[in-house]
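Please look over the sequence and the structure below before reading on. The paragraphs after them are written for someone who is meeting this structure for the first time.

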Amino acid sequence: MKILVAYATMAGSTAEVAQAVGEEIAKAGSQVEVLPLSEIKDLEAYDGVVIGGPMIMGWHRAASRFLKKHRHAFQRTPLAVFVMAMSLTKTGEMSQGDVPVTVDEDLPKPPAKGGNLSLRERYARLSNYLRPILAATHPAKPASIGVFGGRLEYGRLKWWAVLFAMLIIQAPAGDRRNWPAIRSWAAGLPAAFRQ
Ligand SMILES: Cc1cc2nc3c(=O)[nH]c(=O)nc-3n(C[C@H](O)[C@H](O)[C@H](O)COP(=O)(O)O)c2cc1C
């Protein structure tokens, strides 16, 4: 199999995640290309495609646009998606429709006041993050979705991005990438693509 791992990024950390995902897929014997989304013209050469991107006030715009643009190709070519995030509300949601979703168990945080979600907690629900992604691929469905903790470093960002992340996401800076969780999800992709 020839697999494409393509990513969008704002501050660079998703590129490193895409690299690790590519390494795991290659271990299973597939040929892998890891590339930024901006370099992808068409998907004809691939037997499977993995698209990754960070949450940036919704999933990274370029990644969402890419899914929409190629939605018909995903009816032939199996797709997996990974989402990097710094904020996820623990609600018990573990899948989206009938698409299997793997969530980094270190990421979700219980709401401060039980069932009474704040605006920010409601925004950061799994279903709220994934619904637009599934709408973008419709009528195709990803074979697998992974949601993982990302990296937020204020020094790498423009002032407006810092402001947004501080006020809306309220996530402390740091590197929350859980490499074992990322690699274990990626190692399962060749089998998910064959189903
Ligand atoms: C402007 C901005 C908006 C963000 N929005 C969200 C968000 O809506 N939800 C979330 O969980 N994380 C959000 N994050 C955190 C990023 O998804 C996280 O830092 C990610 O790992 C960044 O990936 P990158 O280094 O590839 O750009 C945001 C970060 C920035 C800077």
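What follows is a walk through the structure, from an inner strand to the ligand, the salt bridges and the surface. The model is a predicted one, and the reader should keep that in mind throughout.

A convenient place to begin is V5, which belongs to strand β1, a strand that covers residues 2–7. Is V5 buried or exposed? Its relative accessibility is 0%, and because buried means under 20% relative accessible area, V5 counts as buried. Setting aside residues up to four places away in sequence, V5 touches A18, V21, G22, I25, V32, E33, V34, L35, V50 and F82. For one of these partners, A18, the C-alpha atom is separated from that of V5 by 6.3 Å, although the two residues are 13 residues apart along the chain.

Another buried position is found in a loop: T77 sits between α2 (61–69) and β4 (79–85), and its relative accessibility of 7% is the reason why it counts as buried. When neighbours within four places in sequence are left aside, T77 is in contact with Y46, D47, G48 and V49.

The ligand is the next stop. Which residues come nearest to the ligand? There are 23 residues around it, and of these T9, S13, T14, M55 and Y123 come nearest. A polar side-chain atom of T9 lies 2.5 Å from an oxygen atom of the ligand, while an N or O atom in the side chain of Y123 is 2.4 Å from a ligand oxygen atom. M86 takes part through its backbone instead, with an N or O atom there lying 2.9 Å from an oxygen atom of the ligand. On its own the ligand has 650 Å² of accessible area, and the protein covers 99% of that area.

From the ligand we can turn to charged side chains. Side chains of opposite charge can pair when their charged atoms come close. The structure holds nine salt bridges, and one of them joins the side chains of E16 and R177, with a distance of 2.6 Å from N to O. This pair links distant parts of the chain, since E16 lies in helix α1 (residues 13–27) and R177 lies in the loop between β11 (174–175) and α6 (179–187), 161 residues apart. E16, at 39% relative accessibility, counts as partly exposed, whereas R177 is buried, with a relative accessible area of 10%. R177 also forms a salt bridge with D175, where the closest N and O atoms are 2.7 Å apart; D175 is partly exposed, with a relative accessible area of 42%. In addition, salt bridges that share partners join E23, E24, K27 and R183 into one network. A further salt bridge is formed where the side chains of R156 and E153 meet, at 2.8 Å from N to O. R156 counts as partly exposed at 49% relative accessibility, and E153 is partly exposed as well, with a relative accessible area of 31%.

The last stop is the surface itself. Here M10, M57, W159, W160, L163, M166, L167 and I168 form a nonpolar patch, and together they have about 840 Å² of accessible area. One of the residues in this patch, L163, lies in helix α5, which covers residues 159–169. L163 has a relative accessible area of 43% and is therefore partly exposed.

Note on methods:
Residues are numbered from 1 along each chain as its sequence is written. This is a predicted model: local features need pLDDT of at least 70, side-chain atom pairs count only at pLDDT 80 or more; totals for chains, interfaces and linings use all residues. Side-chain values use heavy atoms; hydrogens and water are left out. Patches are made of residues with over 30% relative accessible area and no salt bridge: like charges are joined within 9 Å, nonpolar side chains (Val, Leu, Ile, Met, Phe, Trp, Tyr) within 5 Å. Accessible areas come from the Shrake-Rupley method with a 1.4 Å probe; for residues, only the protein chains shown count as cover. A salt bridge is a side-chain nitrogen of Lys or Arg within 4 Å of a carboxyl oxygen of Asp or Glu. Helices (H or I, at least four residues) and strands (E, at least two) are DSSP runs, numbered from the N terminus. Buried means under 20% relative accessible area, exposed over 50%, partly exposed in between (1.4 Å probe, protein chains only). A residue is near a molecule or strand if one of its heavy atoms lies within 4 Å of it. A polar contact is a pair of N or O atoms within 3.5 Å; within protein, one must be able to donate a hydrogen and the other to accept it, and residues adjacent in sequence count only if both atoms are side-chain atoms. Contact means heavy atoms within 4.5 Å.
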